[in-house]
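Thanks for making the time this morning; I would like to walk through one structure with you and take a few side chains in turn. Please have the view open as I talk.

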There are 2 protein chains.
Amino acid sequence: MNKVKLGIIGLGNQGSTYIKAINDGLVPDIELGAVADRLDSRREWVSANIPQGVQVFKDGMELIKNAKCDAILIATPHYDHPPLAIEGFRTGLHVLVDKPAGVYTKQVREMNKVAEESGKVFAMMFNQRTNSKFKKMHELIQGGSLGAIKRVSWIITNWYRTQSYYDSGDWRATWDGEGGGVLLNQCPHNLDLVQWICGMPSAVRAFCHNGKWHNIEVEDDVTAYLEYPNGATGTFITSTGDFPGTNRFEVSLEWGKLVNDDGRSLTLYKLDSNEREFCKTAKGGFDKPKMTVGEVETDGSNEAHVGVINAFTGRILRGTPLVAEGREGINGLALSNAMHLSSWLDKTVKLPLDEDLFLAELNKRRALSPKKEGSGKVFDTSGTYNA
Amino acid sequence: MNKVKLGIIGLGNQGSTYIKAINDGLVPDIELGAVADRLDSRREWVSANIPQGVQVFKDGMELIKNAKCDAILIATPHYDHPPLAIEGFRTGLHVLVDKPAGVYTKQVREMNKVAEESGKVFAMMFNQRTNSKFKKMHELIQGGSLGAIKRVSWIITNWYRTQSYYDSGDWRATWDGEGGGVLLNQCPHNLDLVQWICGMPSAVRAFCHNGKWHNIEVEDDVTAYLEYPNGATGTFITSTGDFPGTNRFEVSLEWGKLVNDDGRSLTLYKLDSNEREFCKTAKGGFDKPKMTVGEVETDGSNEAHVGVINAFTGRILRGTPLVAEGREGINGLALSNAMHLSSWLDKTVKLPLDEDLFLAELNKRRALSPKKEGSGKVFDTSGTYNA
């Protein structure tokens, strides 16, 4: 195989972006084999923007069964990610799933199982993992040289969206169509990064506010308190209603502190001693450990979506590493599910969460979810990824 | 009266600082009239550092009854603030109370009542209100030109203290001696400022961790989630165990955002339109309000403790404004009490809080509080106020 023949399922904001990347020659290992979308308007748009000979389907399952492809990229509404991926693996295709992995972990656990059994390449579109500053945070913290984590704080409120955004799709921001709001749509990146960099919490207490800033039934404002297995605590604050928002990710550790300020700077405050030892032995009540403060050097790279796709084809063609293994998608989703469940039950939720209880509570909300009409608008998403 | 003859009750870290300010001529309206401290070692130190003729008492109540003073400054352990202030007002003295106003609001409510009835000047040592950046935040937000508050976030973890600090006083960091930890000792400033600048929340959910970073029985790590009457939310995060800590106070409003970054900068992100209107009328899903970003100019002043004392004597001698009215001390304490109560009950606490319930829960902890011996060390506190 010289090229990976790819089927793209879902041609909304994301799917159409991937078509452009292919057309622009940014993912040279890819040959577009087929596309699918349930909306006539989108299939018409894409037919005018792809080479002759690319197969066009109305239904993703039809594409999987009938198109001549090696791999699929799934960029549909979230509930469809796992069933399409499962069908893809069973058909012998490699699968790249856009975020989130799915809407509930029980569904994603099944997808992971089928993926594992298939032996096919399984990747997640966690494009923000290609950001060199997040990569460096992962290396520094998971590498262990800064000691144990003491506190995590991420204010990630720069996901501003207007009412028009929510009105654009009939599935958007509904329990039945999307499965959630800012946690399911914008934050899968951040929830993945926070677990990739800091590990999984052991308990979550969240305060989700539904339709606080927009006329929607799902959450557009979340404050979550996290507890980690070692006793460290954290906060995760997000919204699509703040402008200008903030993106400030800070991790305090035994040997210092890392602050990623909106991707503009990554500052390391490195102590000369372990604070835990210093605290116990210092003579003065107001003594402070010595430290050095500096900007962490990175290579500045950030290949984003294109980087994820190139790594996906690299794994298929040459066995090189993925940006994010598909099976890891369940972690950020577990955080999201725990935040929803905590807010619904008005209490702390332990991780791993009770997946059946979550699904039962979600289904209660889906059953009451009113039908909504979408404007069908496709927006240019360039510059909106906060990466 | 040309000068205010002042009695200082309590000669620990704070009281000794005030003596130095008087000796250094920084509070020219003050004539030191008397001092009181229960510890022999402190009375000996102060006797060598004050003018002849200043009366020295072992007991604050004795000073109030017998010293020839116009006013008292109370810098004792916290439980004694209200009873000493009440006795002072009843004796016809003006009263300046160091923070916090007391340990529980029920006690402070009584102090406020007696103060009101006495007609005497009543001030709180909220020295951080003299900081020009906090003053500007108060003016801009309470002035209303930025519209309603949407989100408040204060990470104030730069109150680092060593074990030696906690070992220095027998009353420190005990339920029975101090009544709490970081919320009662370090954070009264921040809790006062957050209510002075943003108003009082209507509900609090807090997660206090006792003895997490130090061998103490009270909290040294707190994450609190706040809800305001208008639906805005907030977080308040503090600790004496993080180094280096963070001091970042951000307020998001309808017309923009204010960020006070460790007192180094106060940045205003000012929108051209009210975000609430913009959200509803914008055509594009990813449209953003226009804004201008700039550093807020202030006069740079920060008179701190000396400013509070000079304003106190100014009110007594010339009727000029105080930095902080004494009766306002109850607000920050109510926040602190609500955070403790929420954590103890493991649930959300509405404000105004149930003061009897709080006191009953506090007294349970006081009854179990073991006796502790203090090293008696007095530390130089210059540069430790985060002002």
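Let me begin with K364(A), which is partly exposed, its relative accessible area being 48%. I should say at once that this is a predicted model, and that every value I quote has been computed from it. K364(A) makes a salt bridge with E361(A), and the closest N and O atoms of that pair are 2.9 Å apart. The two residues are three apart in helix 13 of chain A, residues 355-368, so K364(A) and E361(A) are separated by about one helical turn. E361(A), for its part, is buried, with a relative accessible area of 9%.

E361(A) also meets the side chain of R365(A) in a salt bridge, at 3.0 Å from N to O. Here the spacing is four residues in helix 13 of chain A, which again means a separation of about one helical turn. R365(A) counts as partly exposed, at 22% relative accessibility, because the buried class is reserved for values under 20%.

A salt bridge of another kind is found in chain B, where R205(B) pairs with D346(B) and the closest N and O atoms are 2.5 Å apart. This pair links distant parts of the chain, since R205(B) sits in strand 8, residues 203-210, while D346(B) sits in the loop between helix 12 and strand 15, and the two are 141 residues apart. Is each partner buried or exposed? R205(B) is buried, with a relative accessible area of 2%, whereas D346(B), at 53% relative accessibility, counts as exposed. Over all chains the count comes to 48 salt bridges, and in chain A there is also a network of them that links R129(A), D192(A) and E328(A).

Now consider a charged side chain without such a partner. E254(A) lies in the loop between strand 11 (247-253) and strand 12 (256-261) of chain A. What is the nearest side chain of opposite charge to E254(A), and how far away is it? It is R276(A), at 5.8 Å, and E254(A) is buried yet has no salt bridge; the cut-off for a salt bridge is 4 Å, so that distance falls outside it. What E254(A) does have is a polar contact of 3.4 Å between its side chain and that of N274(A). Leaving aside neighbours within four places in sequence, E254(A) is in contact with several residues, including L146(A), K150(A), L271(A) and R276(A).

Turning to the aromatic residues, a search of the whole structure finds 22 aromatic pairs over all chains. In one of them, Y165(B) and Y166(B), the ring centres are 5.0 Å apart and the planes stand at 85°, so the pair is edge-to-face; both of these tyrosines are buried. W175(B) and W344(B) form an edge-to-face pair as well, with 5.5 Å from centre to centre and 75° between the planes. Because W175(B) is in the loop between helix 7 and helix 8 of chain B and W344(B) is in helix 12, this pair ties together parts that are 169 residues apart in sequence. W175(B) is buried at 5% relative accessible area, and W344(B) is buried at 17%. In chain A, ring pairs link F134(A), W154(A), F236(A) and F249(A) into a cluster.

Finally, the two chains themselves: chain A can be laid on chain B with an RMSD of 0.0 Å by a turn of 180° and a shift of 0.0 Å along the axis, which is the relation of a two-fold axis. Of the interface residues of chain A, 100% are also interface residues in chain B, so the copies meet through the same surface.

Definitions and conventions:
Residues are numbered from 1 along each chain as its sequence is written. Chains are lettered from A and ligands numbered from 1 in the order in which they are written. This is a predicted model: local features need pLDDT of at least 70, side-chain atom pairs count only at pLDDT 80 or more; totals for chains, interfaces and linings use all residues. Side-chain values use heavy atoms; hydrogens and water are left out. Buried means under 20% relative accessible area, exposed over 50%, partly exposed in between (1.4 Å probe, protein chains only). Lys and Arg count as positive and Asp and Glu as negative; His and the chain ends are not counted. A polar contact is a pair of N or O atoms within 3.5 Å; within protein, one must be able to donate a hydrogen and the other to accept it, and residues adjacent in sequence count only if both atoms are side-chain atoms. Contact means heavy atoms within 4.5 Å. Copies are superposed by least squares on the C-alpha atoms of residues with pLDDT of at least 70 in both. Rings of Phe, Tyr and Trp (its six-membered ring) pair if their centres lie within 6.5 Å; planes under 30 degrees apart count as stacked, over 60 as edge-to-face and the rest as tilted.
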